[in-house]
Structure formats: C-alpha cells, structure tokens
Amino acid sequence: MKNIAVIILAAGRSTRMKSKVPKALHPLCGRPMLGYVLDLVKAVGPAKVIAVLGYKHKEVKALLPAGVKIVLQKKFLGTADAVKCAYPALKNFRGTVLALYADNPLLKEETIKKLLKAHQENNSDATLLTASVDKPDGYGRILRDKYCAISGIVEDKDADDFEKEIKEINTGIACFKSNKLFAALRQVRPNNRKKEYYLTDVIGIIYKNGGLIDSVKIDDLNEALGINSRVDLARANKIKQRQINEELMKSGVTIVDPDSTFIGFGAKIGRDTTIYPFTVIEKNVKIGKRCSVGPFAHLREGTSFDNDVLAGNFLEIVRSKLGAKTLIKHFSYIGDSRIGKSVNIGAGTVTANFDGKNKFITVIKDNALIGSDTILVAPVKIGKNAITGAGSVVVKNASVPDNALVVGVPAKQVKLNPSTRLRSLRVYTERRRSIKKR
Ligand code: UD1
Ligand code: CA
C-alpha cells in the first residue's frame, strides 16, 4: 500500500462524557484511548500523519509521537470542518486519505489494512468501513440506491423513521481519494439538526458527482465501538480487558477468573504465574515466572516481581521491587520498597512511606523475616537475614544490621538467642519447601 495520509480527528470536546478531560485521553485499561489509535497508524505506516486537535490541545499533544503534524481546529464545527483543517498540510499530497476518529480505540490492524487494500485495489473514490447491527441507535446509517450502491449517510439525529430502521451503520472509519475528498468538503453545508459540517455528507456529494463508493463490512461491531459516553467507555474497557487477559492466557499465564481480573495495558506476566480472582494489576507492572498473585491483590504502577514470588490476599503494592521467592501472603501495604530475595513479609506489614509531604524508600535485604504487623517507617533499612518481631515499629532512618533481631515499639535490637535463630531457620526451610511444592 502506498501513498497514504492519515488524519486523526481528536479536536472535539468531551460533551457527552461530561468531562473536563479531552475524550481522547480517557483511559482504556490504563492507557489513553488515543494511544490505541496511534498504534493503528503505526501499523499502516503512512507517508503523512495529521492530528486535528482543539479542546485542551496541549494535553493531547503530549501523547503524540514526533512526526505527527498537528493542526488546530478553533471552533468545533463538525467532522467535515475538522478534516478541512488538515487540508493545508496535505495541499501537495495525492493519494489515499484515511480518516480515523480518536474515539474508536478497538479497531484492529487487519481491518484497517483490509479497508485500505480494498480501496486501492478497486480504485474507489471513497471506501467506508460499515457494520450490520441489531441496534444501530446513535450511528450514521448507510443509504443505498436501487442498485444497492452506497448513495449517502444519514446521521441518527437526522434520520426519518424509515431510515432509522436501516441496520447498516457507518463506523466512521473511511478512506478517500485525496482530490475527491477535498473537492467534496468544499460543498458540505451544515443543513442538519446539529448545525454541523458532517464528514459523512461527503459520501452523498461524491455519489452525486458520479464517484465510486465502496464498503468493507466488519462482522464484530465491538471493534468499531465509538466511545461517546462513559457507558460506552465501560463497554470498551471490558472488551479491551478481555483481549489483554486472553493474550496473557495464550502466553502461559493462568487467570482463574478473567471476568474479575483487571490487568492494565503493557503489564508483563511470566509463564506459569497464576492470578487469582478480584485482582487489579495496573499498567506496566512486571511479574516474573511461577508467581502467584491474589485473590484481592492490587499491584499498582511501578511494581515488579522477580520469579516465584507469592503475593496473596488483600495487598496493595506500589512502586516496589520484590526479589525471587519472596513471600507476602496476607494483608499488607508495601510502597516505594526494594525487597530482596526469599524475604518473608508477615501478615499486616505496612511500610509507612509518606510523611504527609514526601515519599521515602524502604529497603529489605535477602532472607529477612518481617514479623506480623510490623510497621516500617521509611526511610528504613532491614539487613540480610534480619528479623523484626511481631508488632514492632521500626522507626524512621533506622538501619537494622544483617542477622539482627529487633522487637518492640520503637523497635530495639535484642540479642538473638539460639531458640529464635532455630525458629527462624525452621520458618525459612518450611517456606522453601512450600515454594518447591508450587
Ligand atoms: C460519527 C459519525 C457517524 C458514525 C459515528 C461512529 C459524523 C458526522 N458522524 O458520529 O456517522 O456512525 O461517528 O462512531 O462524522 N471531532 C473533531 N472536531 C469536530 C467534531 C468532532 O475533531 O468539530 C472529532 C471528535 O473529537 C471525535 C470524532 O471527531 O474523535 C468523531 O466525532 P463524534 O462527535 O464522536 O461523532 P459521532 O456523533 O460519534
Ligand atoms: Ca463518536
């Protein structure tokens, strides 16, 4: 495929979202929806990419990679006006123009490629991506003449009762011959309920001028879901979530209940790791091989687990690294921590990482044993093989030496008697055994 220019329409206000955040920046599985559209653009590999921005354009611009030409739409006069804004940037361009809406994040690469291929092979003037659906409400309807050729699009708001019955809808994704598109755009008038310049009117104009209009149908409307409201956003999120979970399962991760497992975009999870229900894993979290996570765990951004980590019930872990074979099995909060290998973190352990103004780091070295209900007031450091007694509060700036035992509030070092040493040794061997069994 050659000579393609892509125009991304992302100027609109978030009116139906009832939001101050531009629609293109609302996230799906932790990633702004525009990000997914940009992936599509990359896959197409066009000669030119133009993003039409408007509402809070500086915020949207921050997401765009270098090489994307930005044009501003000052007044949101409709999708045709938005495409017109891209004209000066494409004045000398001859070829195929692909129009993408920033609120269509679920489209698949193959579909876009199929659309472009059909358009170029048939030498059409315009090719629409359409779908046949049971509930076409909200979408533009495809009009066809008596020969079944596409003759126009009528918007939902402007459709009469007869047209509202039409089940073939406009997904909004379309490609055009550049000269035919820009010639037709000049003739679009805002003669409709919304008093807007509709890009969809270009189709009727090209038809009247004797142009060839083709279509490619998609089977699954989910792919073309346009996100206009928060209800649509939740639907799209669910679809995206299913895709992410299925990809992970295919790569060797067990997800016990995909419906109650929420994994963000870009999370990496190793083979033979099991994720138990009601678990939230935020975007870009990294989990090694053979780990076990949840049920009811919340792993937030900046978290990474080495292999064989066991993170059990009712946990929140954020911006923390856990070394191989470390266990944290029951209700804990771990923030801004660097935790070594084979550490055992007892139930109810909390890192007090925030003093009201700043966040501080907790360091726990290999083989340490953190007793139940320990509070670690960061910044704090626990040495190798060190033990904290149940209920101890290790105060700010403390540095517990290797092999030491601290107990109490505030935690003080006590001589480690041989029986404690023995007990910790026993715990340690049991732990190793349980890991092996897994
Ligand atoms: C549009 C189509 C409709 C189609 C539906 C599919 C038109 C007139 N209608 O309707 O046929 O079924 O998508 O989802 O095109 N935008 C601008 N500037 C503007 C107006 C909109 O950049 O002045 C951008 C928006 O930010 C958005 C995209 O264009 O990303 C689509 O606009 P939207 O208002 O969501 O169109 P729909 O009503 O969904
Ligand atoms: Ca839309």
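I began with the surroundings of ligand 1: 24 residues lie around it, and Q73, Y101, G140, E155 and N170 come nearest (a residue is near if one of its heavy atoms lies within 4 Å). I am working with a predicted model, where local features need pLDDT of at least 70, side-chain atom pairs count only at pLDDT 80 or more, and totals for chains, interfaces and linings use all residues. Side-chain values use heavy atoms, without hydrogens and water.

I sorted that shell by class and got 10 nonpolar, 10 polar and four charged residues (Ala, Val, Leu, Ile, Met, Phe, Trp, Tyr, Cys and Pro are nonpolar, Asp, Glu, Lys and Arg charged, and the others, Gly among them, polar). Strand 1 (4-10), helix 3 (79-85) and strand 10 (168-177) each give at least two residues to the shell (helices are DSSP runs of H or I with at least four residues, strands runs of E with at least two, numbered from the N terminus).

Next I looked up polar contacts, here pairs of N or O atoms within 3.5 Å. A polar backbone atom of L9 is 2.9 Å from an oxygen atom of ligand 1. For G12, a backbone N or O atom is 2.9 Å from a ligand 1 oxygen. N228 uses a polar side-chain atom, 3.2 Å from an oxygen atom of ligand 1. On its own, ligand 1 has 760 Å² of accessible area, and the protein covers 92% of it (Shrake-Rupley method, 1.4 Å probe).

Last, I checked the whole protein and noted nine helices and 35 strands. Its C-alpha trace spans about 95 × 40 × 40 Å along the principal axes.

Methods:
Residues numbered from 1 in each chain as written. Chains lettered and ligands numbered in written order. Polar contact = N/O pair within 3.5 Å; in protein donor to acceptor, adjacent residues only side chain to side chain.
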